[in-house]
Amino acid sequence: MSINDNIIKLMELKGVSVVELQTEGEANYIHLEVPIQGHTCPCCGTSTRYVHDYREQKVLDVPLYNKPTYLLYRKRRYRCPTCGKRFFEKNDFLPRYAHTTNRFFLRLFQELHSVDSQKSIAERLTTSTMRIRRVLDAVSPPLPKLPEVLGIDEFRGNTNRTKYHCILTDLTASKPIDILCNRTEATLTHHFRKYQHTGQLENVKFIVIDMWFVYYTVLRQIFPKATIIIDRFHLVRQAMWSLENVRKRIQKDLPDSLRVYFKKSRSVLLKRASHLRVTDTINEVRQRDRMLEYIPDLKKAYELKEELLQMVQDTHDLETARQQLDEWIKKADASGIPEFKTATRAYRNWKKPILNAFVYPYSNGITEGCNNKIKVIKRNAFGLRNFDRFRTRILLAFQ
Ligand SMILES: [Zn+2]
């Protein structure tokens, strides 16, 4: 087997003969031809083997020996002896206007499913980031199918000067289905209206959101039959914030040493009581009790937080949940602690979708996990400020 045969095999170039393999500077050039054969004139149908002239087509292929590799295809034009028509020979390996081979494109497309930066993909494929961007523009994923359980959450982005992007998740399949550039009413409405005549809006039975009012108003209109659920994490966070704010208020007036102690013990207060660690060297229970002992507001706030978390964990029946939540709100009001006002207001305003969080098992916890992968893409995509390309990279990475 000659070296040329090896290359043909290696490069999977069937029906092609390598005329010459040439390495010049930092690039490989593979000169190719296909054998002369009878062609039928596309105009009059006459058979001909008469070669009129040659044209060279230069295309980028996958790297060979880690060097950029170009195919230089010497393409024949045949001439019809009957009608004079000139036409290019047929070939199966290269579309007429291609600048890259199919397998180069496939390899690049595959690489785009990683979380790697455009720059390192370009280096691996010995091409420019410009070409990567062009491919990204060309492969932008189409409108995905709407799932039965839809999660909507935001994540910090840095493209198109938008602080928060919106991530739509299929919560049953645990993967993102789409990314929106922001979470305004206009964007959300425009996005979901695209589904209006697809019959897919009916597919969505449950939607998990946080307490962002725009979500609610838009979704109520577009999915009037779907059950809207407040994400458990966001629900619990309200009570956590209240507790945090009580701690901050109190520690402000404490002497220096105690203030530092309170600040350092922050996580002990936020942790579930049942998860506090007690070992030979660490005693988080004592650490917590020291803080709660002399400060009634902090003690009450802590108990309110614990109670709410316990409820969310244990109660899954609608009526019981309603009763317990109402009692909790009353208790928080009666405590007179101003920091809980935001939480109780939110719980009152959002009561119905909040109660759904007790009853249904769906939450955006998965989306939080996706956000970590997105963060890696974001970090690697330094300079990826074009939102559409950012969206494409994220969706490919989760395919
Ligand atoms: Zn002809």
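Start by selecting Q323, K330 and A334: these exposed residues (over 50% relative accessible area; buried is under 20%, partly exposed in between, with a 1.4 Å probe and protein chains only) sit on the face of α12 turned away from its buried side. You're looking at a predicted model, where local features need pLDDT of at least 70, side-chain atom pairs count only at pLDDT 80 or more, and totals for chains, interfaces and linings use all residues. Residues are numbered from 1 along each chain as its sequence is written, and side-chain values use heavy atoms, with hydrogens and water left out.

Now flip to the other side of α12 and pick A321, L325, W328, I329, A332 and S335, which are buried. Down the helix axis they fall within an arc of 125 degrees, so they line one face; the arc is that of the directions from the axis to the C-beta atoms. In general, an α-helix has 3.6 residues a turn, so residues three or four places apart point the same way.

Show the neighbours next: α7 (232-252), α11 (296-314), α13 (341-349) and α14 (351-359) are among what covers those buried residues. Then click G336, just after α12, with its positive phi of about 70 degrees.

Last stop, the zinc ion. Select the SG atoms of C41, C44, C80 and C83, which coordinate the zinc ion at 2.2 to 2.4 Å (donors are N, O and S atoms within 2.8 Å of the metal, or 3.2 Å for Na, K and Ca). Along the chain, the donors are spaced C-x2-C-x35-C-x2-C. Colour by accessibility: C41 is buried at 4%, while C44 is partly exposed at 38%.

How values were computed
Helix = DSSP H or I, 4+ residues; strand = E, 2+ residues; numbered from the N terminus. Contact = heavy atoms within 4.5 Å.
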